[in-house]
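Got the viewer open? Let's take a short walk through this structure, one selection after another.

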Amino acid sequence: MSASLGILLLVFFGLIALATVPLGRFITRVFTGEATTTGRVLGPVERLIYRAAGVDSTREHTWKEYALATLAFSVLTQLVTHVILRAQAALPGNPTHLPGVAPWLAFNTATSFTTNTNWQSYAGESTMSYLSQAVALTSHNFFSAGVGICVAIALIRGISRAETDKLGNFWVDLVRVHLYVLLPMCVVYALFLVSQGVIQTWAGPASWTTLDGATQAILRGPVASQEAIKMLGTNGGGYFNANSAHPWENPTPLSNFVQIFSIFAIPAALCVTLGEMVKNRLHGWAVFAAMTMIAIAGIVTIAHFEHQGNPVLWHEGANAVASAIDPSGNMEGKEVRFGIDGTALFAGVTTDASCGAVNGMHDSFTPLGGLVPMLNIQLGEVVFGGVGAGMYGVLIYVLIAVFLAGLMVGRTPEYLGKKLDSRDIRLASIYILIPAFLILIFTAAGVATEVGRAGILNTAAADVAGTTWKPAPHGLSEVLYAFSSAAGNNGSAFAGLTAYSADHPTFYSLFLGIGMFFGRFPLIVAVLAIAGNMAKKKRVPPGPGSFPVSGPLFTGLLVAVIIVVGALTFFPALSLGPIVEHFQLH
């Protein structure tokens, strides 16, 4: 690891740790209803929203009611977004007169933003109108992030409560997370981005004269407002096709660092919220430590292999030594202003979380450098993870770790004073198996069918007769990454895959959409079912045989469980893709 990367990681995770405590405690007060300064100011607005919506804020939901409300809200808002995208040609806020979005692309996009995936099979600036970007897509950036936090809080409540079937009120949680957390933070964040040069305007394209005298139309729009929640809500959908590599989304090294920081801000703070709500602060920090260890290992691995560069180029005589004017290494697909270390940090963080924003092209990474972002997603994005989704995802692994610890010592597994039963473990297993099933089955369909292979650009030459399609390992990696990103609700891509075209509009739009939907909502139902089951249990005092969940032993066990489960599930597929490609290059 280079000194510059070491300093960058030290500063980054140091600031994350410092911000985690006040933000995590603030989020705790928001969801426990404790008085805050913002609560005194915005309290009348909150009560007005409840009256206008007909919500009884004093009535709490069972896990089934909470799940039904979550699904109903998500599906309804998805349908509204689909209609807006299809009808955008007839709606205002369309200065470039873009046509309505094609049916399959509209379905895929509406599903993508509803599930916090933000997969984009299109170039935003040339496909979506200002209204579609600012109203349909940006609203979903808030809604999907809010839903994730609500579900995480419901699970924490289920763990912290005893002998009850109530998990809180979904509508109250949804209003509070937007009113007190997401909206105020995004207003300040958007103003900061504007100060750095991110554009924010409803005016049409600007006309400029190039150096050779030609006229060029420069596309623009309400970017900063979308960028703020895109990063803070771990959404990732860019206003422009180049995402955070575009200078109008991410203009400066400072904006780049703050964008990376904001991806982890709320997910890391939820570790403190966990500790506060279950009355065990050390447990929250143990989970934080496990996440940090995996995150640093992944980022260092990406940077190492990207600094090594492409051996094929070095064998052909290209310069392999860094200098003041040449960073060396693999700079393909990277912004010079961010460099390898800044790109590696961004790639690791955005795939640790279910963000999917990028400031470099993952498809251009070295094979093992690109393997890490893919594996981050396949592990369930539980390394801080998406806002809320990462917390309830890692708590599933916590239950499995505690269950295994109980088996090893021959005692009934116990977590924070509650005995784990077969229902908890069955639901946890379902949570882990659903994404794995979606990723592997759909990847197999993508490389085994003609319509799936049509989108793969990286293929080896056909045989002499020209009748046999021969896949290249990188082609498999592109398909595997796409379905991992969809089922993992990440949204980043190995962009060499043509996931939508006029000739083949259905296959990837449909199956990626299915992967996104079923990679999100069945998992949420399973989490809420676990929360309901945990809330009904009696709390028993810890005994001498209770497994401690607040020390280095627990942290190490949790890291091992996360890595081993991912390795056992996906190592065979990764061996046929990036690992084979790595050895081919050498």
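**First stop: a pair of helices**

Select H15 and H19, whose crossing is left-handed (the near helix is turned anticlockwise from the far one by less than a right angle). This is a predicted model, where local features need pLDDT of at least 70, side-chain atom pairs count only at pLDDT 80 or more, and totals for chains, interfaces and linings use all residues. Residues are numbered from 1 along each chain as its sequence is written, and side-chain values use heavy atoms, with hydrogens and water left out.

To find the pair, pick residues 422-448 for H15 and 521-535 for H19. They pack at an angle of about 165 degrees, with axes 9 Å apart, so H15 and H19 are roughly antiparallel (an angle over 145 degrees).

Now show side chains where the two meet (heavy atoms within 4.5 Å). On H15, look for residues including Arg423, Asp424, Leu427 and Tyr431; on H19, try Pro522, Leu523, Ile530 and Met534, among others. The contact residues divide into 12 nonpolar, one polar and two charged.

**Next stop: the cysteines**

How many disulfides does the structure hold? Zero, taking a disulfide as a pair of cysteine sulfur atoms within 2.5 Å. Select Cys186: its closest cysteine sulfur, in Cys355, is 12 Å away, too far for a bond.

Are these two buried or exposed? Cys186 counts as buried (under 20% relative accessible area, with a 1.4 Å probe and protein chains only), at 6% relative accessibility. Move on to Cys355, and you'll find that residue buried too, with a relative accessible area of 0%.

Technical notes. Axes are lines fitted to C-alpha atoms, for helices over the stretch in contact, and angles run from 0 to 180 degrees between N-to-C directions. Helices (H or I, at least four residues) and strands (E, at least two) are DSSP runs, numbered from the N terminus. Angles under 35 degrees count as roughly parallel, over 145 as roughly antiparallel, 65 to 115 as roughly perpendicular and the rest as oblique. Ala, Val, Leu, Ile, Met, Phe, Trp, Tyr, Cys and Pro count as nonpolar, Asp, Glu, Lys and Arg as charged, and the others, Gly among them, as polar. Buried means under 20% relative accessible area, exposed over 50%, partly exposed in between (1.4 Å probe, protein chains only).
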